Amino acid sequence: TLLSITPTYVQVVTQITDRAKARVSSNVAALIGVLAQNAMQRKKDQDLLTVVQAASTDLGGTGSPMSFGQIGAAVSRIGGNDNEPAITAIYTVLQSFGIKDIQDEIVAGMGTYGIPAGLTEQTFRKGFAGTVTGSEVFRDDNISRTATPDSVGATFAKESLVFVDGLGPRVETERMPRKGGGSDIVTLTDEYGIGERSASNWMYAHT
């Protein structure tokens, strides 16, 4: 077996009492399902982040600002390693402050010399978004910050991660007359698993 992934269950459970249902407005009640699904998607994202943040090589360092050079180094290692170069798209996921560091590198000359129309002007007006040295950069503020403060992003090939959907999401409602004077227990269940291929060649962290 080259790669084994065992999907696991994740559940979001919400108890809604009869007293609450009688008092909240209909638009608030309608949000309960939306918020449960949002929580599930955030959980999936955080689990994926945990995998890429644990890459065997970290191209950054504690207390150091993010730099586009780190992304470039990761891209060159992913596509140019001697063992098995990746052939799929390469992505970078960073917390907002890391993206701000890259933005600062681009607009560093503002106020010092004239800025012609182009990347620098666009970044100054709209902030940074797009591609760095062949890697599409995404903002993800589910990446937490430490007290240092550090955050850990990553650059990785698409083929380095495997996400397995299990039975798929389902919602069940259970009537519990003995809880809270009468309640509905709403349970959202999903099943998924995450695996990685060649983490030492196709995945690099950025502290």
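**Exercise 1. Place Gly130 in the fold and say whether Gly130 is buried or exposed.**

Solution. Start with the secondary structure: Gly130 sits in strand S3, residues 130–132. Strands here are DSSP E runs of at least two residues and helices are H or I runs of at least four, numbered from the N terminus. Next, check the cover: Gly130 has a relative accessible area of 17%, so Gly130 is buried (buried is under 20%, exposed over 50%, partly exposed in between, with a 1.4 Å probe and protein chains only). Last, list the neighbours: leaving out residues up to four places away in sequence, Gly130 touches Ser135, Glu136 and Val137 (contact means heavy atoms within 4.5 Å).

A word on the source: this is a predicted model, where local features need pLDDT of at least 70, side-chain atom pairs count only at pLDDT 80 or more, and totals for chains, interfaces and linings use all residues. Residues are numbered from 1 along each chain as its sequence is written, and side-chain values use heavy atoms, with hydrogens and water left out.

**Exercise 2. Work out what surrounds Asp190.**

Solution. Asp190 belongs to strand S8, residues 183–196. With 2% relative accessibility, Asp190 counts as buried. Now look at the side chain: a 2.9 Å polar contact links Asp190 to the side chain of Lys44 (N or O atoms within 3.5 Å; within protein, one must be able to donate a hydrogen and the other to accept it, and residues adjacent in sequence count only if both atoms are side-chain atoms). Beyond four places in sequence, the residues that Asp190 touches include Thr8, Tyr9, Val10, Met40, Gly168 and Pro169.

**Exercise 3. Find which residues of helix H4 are buried, and where they lie around the axis.**

Solution. Go along H4, residues 96–106, and pick out the buried ones: Ser96, Gly98, Ile99, Ile102 and Ile106. They span an arc of only 165 degrees around the axis, so they fall on the same side of H4 (the arc is taken from the directions from the helix axis to the C-beta atoms). Then look at the start of H4, where a side-chain oxygen of Gln95 comes within 2.8 Å of the backbone nitrogen of Phe97.

**Exercise 4. Describe the protein chain as a whole.**

Solution. Count the elements first: the chain has 6 helices and 9 strands. Then take burial: 35% of the 207 residues are buried. Finish with the contacts: of those between residues at least 6 apart in sequence, 79% join residues at least 24 apart.
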